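Open the model in your viewer and keep the sequence panel visible. The stops below go from selection to selection, with a short account of what is found at each.

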Amino acid sequence: MLTWGAALEIGHCEFDRDHRQLIAMVNLLADALQLGDGPQALVLAGDLEAKADVHRLNEEAEMQAQGVDMIPVIEAHRRVADMASAVRLAIQAGDLALSSRLTVALEESLSRAVAADKRAFTSSLPRANYG
């Protein structure tokens with residue numbers, strides 16, 4: 001289970017809040033799968049996909065506005081989106097065991113995406129939106 005902490009903060013208030021929420025959503029999804037609650041897991045997986053997509057669009061717009069090299073971040077975000085979609089599809093197929101394994105991979109992808117965000121933001125963006 002992924003845990004939010006200072007090591008994951010990128011220093012941008014809005015995106016740190018999003019990252020905390022995404023991590024909480026992945027953890028709730030993992031809990032629902034562990035309990036075998038397919039319907040709840042399906043709702044959570046859909047919500048997670050939607051939140052990840054909105055976050056990706058907002059973050060990439062900020063990076064583009066600041067002239068940041070977005071390629072590593074875009075690739076990391078795509079992996080998160082792909083994993084979230086794979087989890088949702090596995091749940092829809094009724095394969096909760098596969099969904100659980102994919103959720104572990106989703107956690108790893110999210111952790112890598114946050115790390116890519118941190119590298120991009122801390123090395124390139126002005127500190128105006130940081131707090």
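Partly exposed, as used on this tour, describes a residue whose relative accessible area falls between two limits: under 20% is buried and over 50% is exposed. The coordinates to which this is applied are those of a predicted model.

**Stop 1: D53 and its partner**

Select D53. Its relative accessible area is 35%, so D53 falls in the partly exposed class. Now add R56, whose side chain meets that of D53 in a salt bridge with an N to O distance of 2.6 Å. Both residues belong to helix α2 and sit three residues apart, about one turn of the helix. R56 has a relative accessibility of 22%, so R56 is partly exposed.

Keep R56 and add E60. R56 also forms a salt bridge with E60, and here the closest N and O atoms are 3.4 Å apart. R56 and E60 are separated by about one helical turn, because they are four residues apart in helix α2. How accessible is E60? Its relative accessibility is 12%, so E60 counts as buried.

**Stop 2: between two helices**

Stay on helix α2, which covers residues 38–66, and select E49 there; then select R88 in helix α3, residues 71–92. E49 and R88 form a salt bridge, with 2.3 Å between the closest N and O atoms. Their positions are 39 residues apart in sequence, so the pair ties together parts of the two helices. E49 has 22% relative accessibility, which means that E49 is partly exposed.

**Stop 3: the remaining charged group**

Which residues does a network of salt bridges link? Select R17, D18 and K51 to see them. Over the whole structure, a search finds five salt bridges. Side chains of opposite charge can pair when their charged atoms come close.

**Stop 4: the largest pocket**

Return to D53, this time with A52, H77, V80 and A81: of the 15 residues that line the largest pocket, these lie nearest its centre. The volume of the largest pocket is about 150 Å³. Colour the helices separately. α1 (13–34), α2, α3 and α4 (96–124) each provide at least two lining residues, and α2 gives the most, with five. Coloured by residue class, the lining divides into eight nonpolar, four charged and three polar residues.

From A52, at this pocket's centre group, draw a distance to R78. The C-alpha atoms of R78 and A52 are separated by 9.7 Å, while the two residues are 26 residues apart along the chain. R78 is found in helix α3. With a relative accessible area of 54%, R78 is exposed.

**Stop 5: the nonpolar core**

Hide the charged side chains and select L29, L48, M63, V87, I91, L106 and L110. These have the most contacts inside the largest nonpolar core, a set of 36 residues. The elements giving two or more residues to this core are α1, α2, α3 and α4. Which of them gives the largest share? It is α3, with nine residues. In soluble globular proteins, nonpolar side chains tend to be buried together.

Centre the view on L48. Leaving aside residues up to four places away in sequence, L48 touches L22, M25, V26, L29 and L106.

**Stop 6: H19**

Go to helix α1 and select H19. Is H19 buried or exposed? Its relative accessibility is 1%, so H19 counts as buried. Show what surrounds it: not counting residues up to four places away in sequence, H19 touches W4, I10, H55, E59, V114 and D117.

**Stop 7: two distances to draw**

Select A50 in helix α2. A50 is partly exposed, at a relative accessible area of 43%. Draw a C-alpha to C-alpha distance to A84: it is 9.5 Å, with the two residues 34 residues apart in sequence.

Finish on T122, which is found in helix α4. T122 has a relative accessible area of 44% and is partly exposed. The last distance runs from T122 to H12: their C-alpha atoms are separated by 9.1 Å, and the residues are 110 residues apart along the chain.

Technical notes
Residues are numbered from 1 along each chain as its sequence is written. This is a predicted model: local features need pLDDT of at least 70, side-chain atom pairs count only at pLDDT 80 or more; totals for chains, interfaces and linings use all residues. Side-chain values use heavy atoms; hydrogens and water are left out. A salt bridge is a side-chain nitrogen of Lys or Arg within 4 Å of a carboxyl oxygen of Asp or Glu. Buried means under 20% relative accessible area, exposed over 50%, partly exposed in between (1.4 Å probe, protein chains only). On a 1 Å grid over the protein atoms alone, a cavity is a set of points where a 1.4 Å probe fits but cannot get out, and a pocket is an open set with protein on both sides within 12 Å along at least five of seven lines; lining residues have an atom within 4 Å of a point. Grid points are joined across faces, edges and corners, and a volume is the space filled by probe spheres set on the points. Ala, Val, Leu, Ile, Met, Phe, Trp, Tyr, Cys and Pro count as nonpolar, Asp, Glu, Lys and Arg as charged, and the others, Gly among them, as polar. A nonpolar core is a set of buried Ala, Val, Leu, Ile, Met, Phe, Trp, Tyr and Cys residues joined through side-chain atoms within 4.5 Å. Contact means heavy atoms within 4.5 Å.
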